[in-house]
Amino acid sequence: MYAIDHEDLGTPASLSSESVTLSIDGMPITVPAGTSILRAAALAGNRIPKLCATDSLKAFGSCRLCLVEIEGRKGYPASCTTQVADGMNVHTRTEKLAALRRGVMELYVSDHPLDCEGCPADTHCELQDMAAVVGVRDTPYASGGAVHAGAVRDASNPYFTFDPSLCIACSRCVRACDETQSTLALTIDGRGFASRIVASQDESFLASECVSCGACVEACPTAALSEKSLATLGQPDRTVTTTCGYCGVGCSLNAEARDETVVRMVPNRKGGANGGHACVKGRFAYGYASHPDRVTTPMIRRRITDPWLPVTWEVAIAHAAREFKRLQAKYGRDSIGGITSSRCSNEETFLVQKLVRAGFGNNNVDTCARVCHSPTGYGLKHTLGESAGTQAFTSVMKCDVIMLIGANVTEGHPVFGSQMKRRLREGARLIVVDPRAIDVVRTPHVEASHHLQLKPGTNVAVMNAIAHVIVTEGLVKEEFALGRCEPESWHRWKAFVSRPDNSPEALEAVTGVPAAELRAAARLYGRAANAAIYYGLGVTEHSQGTSMVMAIANLAMATGNFGREGVGVNPLRGQNNVQGSCDMGSFPHEFSGYRHCSDAAVRGLFERHWGVSLATEPGLRIPNMFEAALDGSFKGLYVQGEDLAQSDPNTQHVTAALSALECLVVQDLFINETAKYAHVFLPGSSFLEKDGTFTNAERRISPVRKVLNPPAGLQDWEITQLLANALGYPMNYSHPREIMAEVAALTPTFAGVSYDKLDRLGSLQWPCNDRAPEGTPTMHVGEFVRGKGRFYVTEYVPTDERTTARYPLILTTGRVLTQYNVGAQTRRTANVVWHDEDRLEIHPGDAEARGIADGDWVGVASRAGETVLRATVTTRVHPGVVYTTFHFPESGANVITTDNSDWATNCPEYKVTAVEVVKVDQPSEWQRRFREYDRHQRRLTPSADVDHA
Ligand code: SF4
Ligand code: SF4
Ligand code: SF4
Ligand code: FES
């Protein structure tokens with residue numbers, strides 16, 4: 001149902017640069033050519049009554065309420081579907097028009113009586129509003145006119161209902177599903193007044209293709225489609241604009257709240273990343289914040305086998321600080337460290353790395369981005385000069401060819417996925433490079449021109465083969481490459497990819513991609529006027545993740561695809577603030593803005609600002625911390641908002657390392673897997689309970705604003721500040737805006753960022769400084785950040801993780817739309833109705849060879865460990881490849897993944913694990929131990945429950 005305060009101009013804006021002047025009710029007005037009369041009138045403050053039109057959707061012209069008279073034209077055209085013309089004289093308020101509109105409205109009211117009391121849409125229903133505007137209170141038609149009365153209400157979706165008796169058949173929902181979401185789950189069945197809305201093949205919303213994005217609910221002008229929360233919680237009384245805490249799209253949302261409860265989320269139409277759209281997670285799955293599992297009291301314990309003791313903040317912080325000091329006194333300054341979170345804000349992340357560098361006195365800080373996009377940072381910094389994507393999301397609307405590599409965009413980045421599908425339906429061509437047949441390979445009205453279904457682990461070989469075709473067939477932009485890049489590196493790279501051993505034919509057996517298909521895809525990319533590459537963790541989470549990022553940058557430089565809209569290299573970040581956590585200096589070798597800690601000038605700047613001497617050498621990365629914990633030299637760890645025990649590879653190795661620590665401090669919402677090994681638990685705040693900023697995949701810094709009070713009383717930055725002060729390193733911020741001011745003072749790419757500017761502009765894409773005071777949507781215009789782009793030779797080196805007779809299949813991992821990362825949030829929402837377990841996808845041939853049927857329990861064993869999942873037999877995966885998600889701790893997906901990692905960054909090789917799969921009838925040994933430990937930890941936890949959602 002419609003957002004309360006939105007100024008709806010009726011039809012979308014025209015992008016024409018030509019102007020047209022007309023007269024509406026005697027008032028002259030000038031608007032862009034192509035504007036509808038309805039919108040032109042609205043821009044002049046003249047609201048013509050309307051029902052089926054809304055400015056987020058193309059005009060449809062079905063309700064006949066917006067009729068106008070145009071001098072010199074016969075009849076009464078609909079103003080929403082009639083465009084303005086120079087010299088046109090339009091009348092919108094004649095007696096005849098009023099009578100016609102009343103007649104139309106009376107018909108609507110005959111089908112939808114205005115019994116508004118108790119309706120969730122009461123006070124913001126467009127039908128109610130329009131009936132008042134045209135002066136209709138009742139209908140002269142017999143009540144038998146109510147053709148939709150008595151129709152069965154569909155409450156199958158956990159978040160919204162469809163009540164056909166309130167439907168006025170305006171088709172806004174159908175158009176929203178088509179134009180905004182690109183899912184096309186809805187159709188209109190029947191004709192005229194008797195028409196009705198049907199989901200998929202006349203199924204319930206839950207059983208249909210609907211992905212629960214809520215676009216139809218927002219578009220509906222009545223309560224026919226309505227959030228359940230409005231009926232149960234009542235009307236909100238305040239709205240706070242904030243940013244989604246889930247994925248790296250970074251949708252701007254209006255949180256509508258009442259007291260300490262969010263009633264509903266409405267996507268912000270002015271949101272730079274989402275333009276008024278959201279997905280099932282951001283729009284609906286925020287209930288975890290009020291889940292009874294939230295821990296609301298700090299807790300401490302001496303040993304991890306002891307019961308938790310609830311204590312005050314003072315006691316918990318003093319205990320943690322005392323322990324960290326004790327460990328440093330006993331084992332040395334470098335025996336402790338900290339982990340920042342890509343789920344926390346920029347300000348919180350900045351503060352944790354400051355605590356480690358200035359308070360702990362070492363550089364032992366790392367972030368969960370280590371295990372996802374660290375190769376992006378390294379690869380793009382070395383080739384282009386900046387560790388970030390090059391475009392704004394809207395750039396995709398100017399692409400002619402999109403190459404999508406290792407990113408399941410409609411599941412992982414749903415709002416951007418919808419935008420990409422819109423562009424594809426307009427005619428852009430698509431190349432998918434992925435071991436699985438992801439949704440966009442073939443979906444209604446979208447089909448990839450080429451699906452290069454490579455063997456997991458052969459990305460670099462595929463990219464070298466594509467480059468080979470582009471170079472040897474003369475599809476390069478030599479002038480760009482020579483003019484904008486280092487000539488010597490260009491010549492070296494060209495000679496390398498031209499080698500016969502990099503041809504598609506030579507590599508076909510390695511990659512599994514037919515040479516002819518690969519050649520055709522390369523030609524399509526190489527000949528495009530505007531070609532862009534979008535990629536995800538299927539690129540980075542490999543032993544050659546960095547090589548692949550460099551190979552992508554090479555290809556885009558060789559074809560001149562930088563420095564304008566519609567092109568570029570675009571990493572799709574997984575979590576909400578992966579980009580930001582990296583920008584803020586979370587890696588052990590870098591300060592904020594990606595400046596090395598060994599750079600004396602940079603270090604001096606921080607030393608002067610922070611009033612301490614800083615360590616000159618890079619600190620420990622996460623895997624090194626685990627190794628050091630196991631060898632006894634690393635003893636204490638402060639983990640903010642990250643679940644290492646579930647998200648990092650080789651779980652048994654991780655939990656052994658965590659068990660070896662003498663003081664593990666976990667700051668989180670729930671007793672997650674890592675907290676089961678902790679000595680201090682500090683209850684954190686969700687994105688709804690804090691002020692700060694997140695930075696999304698397009699470098700967009702967006703405001704996060706407090707909607708509710710944190711149940712334990714403190715925002716995360718306040719907890720870090722208390723800990724710093726207890727350790728003897730003073731921090732005295734009174735608001736996160738002061739932390740951002742410090743970031744701006746110390747970080748050239750953030751120099752122009754301030755809360756005042758964010759409030760004024762809504763969001764900002766860095767670099768934001770004197771040269772670009774309002775931010776930088778497109779990077780590398782005119783020249784690369786590093787000056788000349790640099791090509792790197794990317795020799796394909798097969799991973800050590802090979803299939804053998806013992807482990808003949810390759811396991812690769814990914815995510816689903818309705819769950820998020822380790823699932824700690826989404827598992828505590830109704831999203832579990834769509835996905836309540838991780839399953840193993842296996843090809844029918846491989847399943848048959850092992851006697852496995854759909855739904856069977858199967859053991860999945862690698863050289864790292866073994867777990868048990870249920871099988872889904874599907875052709876989405878190739879023979880020889882199996883696939884699973886990792887959203888449920890008990891699935892143990894990371895029990896199987898190994899500790900192989902990227903050569904440059906240690907990003908784990910999640911995407912390639914050699915396994916064997918066999919039919920079983922009982923849990924694995926690890927799962928038995930997991931359950932036992934889980935039960936034990938639950939017994940030790942007083943009020944809050946441990947992570948069992
Ligand atoms: S919720 Fe989204 S996907 Fe489902 S029918 Fe509505 S618009 Fe379509
Ligand atoms: S459900 Fe709502 S949006 Fe869809 S046709 Fe009916 S009234 Fe219009
Ligand atoms: S999860 Fe991502 S796509 Fe969905 S609403 Fe949040 S930011 Fe947007
Ligand atoms: S608003 Fe123009 S026909 Fe419905």
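Reader: Which of the 14 residues around ligand 2 come nearest?

Author: Bear in mind that we're looking at a predicted model. In this model, Cys-167, Cys-170, Ser-171, Cys-173 and Cys-220 come nearest to ligand 2. A good next step is to sort the neighbours by class. For ligand 2 that gives 11 nonpolar residues, two polar ones and one charged one.

Reader: OK, let me try ligand 1. Which residues are around ligand 1?

Author: Go along the sequence and you meet Phe-160, Cys-177, Gln-181, Leu-186 and Phe-205, then a run from Cys-210 through Val-211, Ser-212, Cys-213, Gly-214 and Ala-215 to Cys-216. Sorted by class, the shell around ligand 1 has nine nonpolar residues, three polar and no charged ones.

Reader: And ligand 3: what classes of residue make up the shell around it?

Author: Nine are nonpolar, two are polar and one is charged. The residues around ligand 3 include Cys-244, Cys-247, Cys-251 and Cys-279, along with Tyr-246, Lys-281 and Pro-414. You can also ask where such residues sit in the fold. Helices α7 (280–284) and α12 (414–425) each supply at least two residues of the shell around ligand 3.

Reader: Let's keep an eye on α12, then. Which elements give two or more residues to the lining of the second largest pocket?

Author: Get to know the pocket itself before its walls. About 910 Å³ of space lies in the second largest pocket. Its lining has 38 residues, and the closest to the centre are Val-211, Glu-411, Val-816, Leu-817 and Arg-876. As for your question, the elements are α11 (409–412), α12, β32 (839–842) and β35 (881–885). The largest share, four residues, comes from α12. Sorted by class, the lining of this pocket has 14 nonpolar, 13 polar and 11 charged residues. You've met Val-211 already, by the way, as one of the residues around ligand 1.

Reader: What about closed spaces? How many cavities of 30 Å³ or more does the count come to?

Author: Nine. The largest cavity has a volume of about 380 Å³. Of the 31 residues in its lining, Gly-406, Ala-407, Gly-538, Thr-813 and Lys-911 are closest to the centre. Helix α18 (537–540) and strand β31 (809–814) are the elements that give two or more residues, and β31 has the largest share, with three. The class split of this lining is 11 nonpolar, 14 polar and six charged.

Reader: How much space lies in the second largest cavity?

Author: About 260 Å³. Of the 23 residues lining the second largest cavity, Arg-343, Asp-668, Leu-669, Ser-685 and Gln-825 lie nearest its centre. That lining has seven nonpolar residues, 10 polar and six charged.

Reader: Now the packed parts. Which residues touch the most other members of the largest nonpolar core?

Author: To read a core, look for the members with many partners. Among the 72 residues here, those are Leu-186, Leu-225, Leu-404, Phe-416, Met-420, Tyr-534 and Leu-688. Your helix α12 turns up again: α12 gives the most to this core, with four residues. Take Met-420 as a case. Leaving out residues up to four places away in sequence, Met-420 touches Val-396, Ile-402, Leu-404, Val-409 and Tyr-534. Apart from this core lies another, of 60 residues, including Ile-336, Ala-388, Tyr-638 and Val-753.

Reader: How do I read a single residue? Is Thr-161 buried or exposed?

Author: Check the relative accessibility. Thr-161 has 7%, and under 20% counts as buried, so Thr-161 is buried. Then find its place: Thr-161 lies in strand β5 (residues 160–162). Next, look for partners far along the chain. Thr-161 and Ala-224 are 63 residues apart in sequence, yet 7.5 Å apart in space, C-alpha to C-alpha. Beyond the residues up to four places away in sequence, Thr-161 touches Arg-153, Asp-154, Ala-155, Ala-224, Leu-225, Ser-226 and Lys-228.

Reader: Last one, helices. Which residues of helix α24 are buried?

Author: Here's the general idea. An α-helix has 3.6 residues a turn, so residues three or four places apart point the same way. In α24 (residues 651–659), the buried residues are Thr-651, His-653, Val-654, Thr-655, Ala-657 and Leu-658. They pack against α22 (622–631), α23 (644–647), β26 (663–668), α29 (893–896) and α30 (925–939).

Notes: Residues are numbered from 1 along each chain as its sequence is written. Chains are lettered from A and ligands numbered from 1 in the order in which they are written. This is a predicted model: local features need pLDDT of at least 70, side-chain atom pairs count only at pLDDT 80 or more; totals for chains, interfaces and linings use all residues. Side-chain values use heavy atoms; hydrogens and water are left out. A residue is near a molecule or strand if one of its heavy atoms lies within 4 Å of it. Ala, Val, Leu, Ile, Met, Phe, Trp, Tyr, Cys and Pro count as nonpolar, Asp, Glu, Lys and Arg as charged, and the others, Gly among them, as polar. On a 1 Å grid over the protein atoms alone, a cavity is a set of points where a 1.4 Å probe fits but cannot get out, and a pocket is an open set with protein on both sides within 12 Å along at least five of seven lines; lining residues have an atom within 4 Å of a point. Grid points are joined across faces, edges and corners, and a volume is the space filled by probe spheres set on the points. Buried means under 20% relative accessible area, exposed over 50%, partly exposed in between (1.4 Å probe, protein chains only). Contact means heavy atoms within 4.5 Å. A nonpolar core is a set of buried Ala, Val, Leu, Ile, Met, Phe, Trp, Tyr and Cys residues joined through side-chain atoms within 4.5 Å.
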